[in-house]
Amino acid sequence: MQIFNYRPPSIPWLDLRYVDRDIIVINKPSGLLSNPGIASYTHDCALTRLQTLFNDTILVHRLDCATSGIMVFARNKKAESHLKTQFQNRQTEKTYIAVIHGILEQQTGEINQAITPDRDTPPKQKIAIQGEGKSATTFYRTLARGHNATLVELTPITGRTHQLRVHMLAIGHPILGDDFYGNENIENAASRLQLHAQSLTFNHPYTKKKLTFYSRHSFNLNRE
């Protein structure tokens, strides 16, 4: 999604899934930024919407504007530090679902390809040449096959910028609706990026209890 076309959805304005004194969990819609950009018209985002209800809301991690799904926010510095450490140490568990172009023949697989910024077209990322970039690992599992499209479950082990979009493009199966990495046919194949953060598991920063939040989303496999 190009930032000059930013038109954040208003229904629902916020999809709250859980709130306590330490954390807030939401289901972010596609088209809503996680946090503000530099331009004033990007002020409306998940973070600022939450801060109108809970002024102590603190950003912990991000989802791409075009990606929907589960996000967790902190409500105090201790919770922020605890959650960020879990993300940095890969102690969280994240699963996504996506509709990708073409028929993926493999039932399961693993992508291990380092990612680096594309300096010619920032903020895009690209697969790094050997010995460069940051390591990135994604597991995938085929859920269903449709008309020239495949529904997959994606499990990123690392959390690189645009990792899932770049990795699926790298194996020849870009995510449908991707107007950033896809060609015109891929962009026009769906009204939005077909990528959804389906579940997130982490330890509560105060109780230390393991929590899993889940958001079901249905994608149409027969768009093309």
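These legends walk through several close-up views of a predicted model.

**View 1. The largest nonpolar core brings together 31 residues.** If you want the residues with the most contacts inside this core, look for Ile26, Leu50, Phe73, Tyr96, Leu154, Ile175 and Leu195. Several elements chip in with at least two residues each: the strands β2 (23–28), β4 (68–74), β5 (93–101), β10 (149–156) and β11 (195–203), plus the helices α1 (46–53) and α3 (163–170). There is also a second, separate core, this one of 14 residues, and its members include Ile23, Val72, Ala74 and Phe202.

**View 2. Isoleucine 175 and the residues it touches.** Here we zoom in on one of the residues with the most contacts inside the largest core. Setting aside residues up to four places away in sequence, Ile175 touches Ala98, Val99 and Ile100, and also Leu164, Arg165 and Met168. The rest of its contacts are Ile186, Leu193, Gln194 and Leu195.

**View 3. Helix α1 has a buried stretch and a partly exposed leucine.** Ala46, Leu47, Thr48, Arg49 and Leu50 are the buried ones in this helix. Their cover includes β1, β2, β3 (58–59) and β4. Leu53 also sits in α1, but it counts as partly exposed because its relative accessibility is 48%, and buried would take under 20%.

**View 4. A nonpolar patch on the surface involves Leu53.** Leu53 teams up with Trp13, Leu16 and Val19 here, and together the four have about 340 Å² of accessible area. Just before Trp13 in the numbering comes Pro12, which is found in the segment before β1 (16–19). A cis peptide bond joins Ile11 to this proline, with omega at about -5°.

**View 5. Aspartate 22 is tucked into the loop between β1 and β2.** Asp22 is a charged residue by name, yet how buried or exposed is aspartate 22? With a relative accessible area of 9%, Asp22 is buried, because the limit for that is under 20%. Its side chain makes a polar contact with the side chain of Asn76, at 3.0 Å. Leaving out neighbours within four places in sequence, Asp22 is in contact with Phe73, Ala74, Arg75, Asn76 and Ala79, as well as His204, Pro205 and Tyr206.

**View 6. Prolines 122 and 123 are joined by a cis peptide bond.** Omega for this bond is about 5°. To find Pro123, go to the loop between β7 (115–117) and β8 (125–127).

**View 7. Arginine 90 and lysine 208 have positive phi values without being glycines.** Arg90 has a phi of about 60° and lies in the loop between α2 (77–88) and β5. For Lys208, phi is near 70°, and the place to look is the loop between β11 and β12 (210–214). Arg90 is partly exposed, at 46% relative accessible area, and Lys208 counts as partly exposed too, at 47%.

**View 8. Glutamate 187 is found in the helix α4 (184–188).** Glu187 is partly exposed, with a relative accessible area of 35%. Beyond its neighbours within four places in sequence, Glu187 is in contact with Gly177, Asp178 and Asp179. Pro174 is 13 residues from Glu187 in sequence, and the two are 9.8 Å apart from C-alpha to C-alpha.

Definitions and conventions: Residues numbered from 1 in each chain as written. Predicted model: local features only at pLDDT ≥ 70, side-chain atom pairs only at ≥ 80, totals over all residues. Heavy atoms only, no water. Core = buried A, V, L, I, M, F, W, Y, C linked by side-chain atoms within 4.5 Å. Buried < 20%, exposed > 50% of the residue type's maximum accessible area, 1.4 Å probe, protein only. Helix = DSSP H or I, 4+ residues; strand = E, 2+ residues; numbered from the N terminus. Contact = heavy atoms within 4.5 Å. Patch = residues over 30% accessible without salt bridge, like charges linked within 9 Å, V, L, I, M, F, W, Y side chains within 5 Å. Areas by Shrake-Rupley, 256 points an atom, 1.4 Å probe, with all protein chains shown as cover. Salt bridge = Lys/Arg side-chain N within 4 Å of Asp/Glu carboxyl O. Polar contact = N/O pair within 3.5 Å; in protein donor to acceptor, adjacent residues only side chain to side chain.
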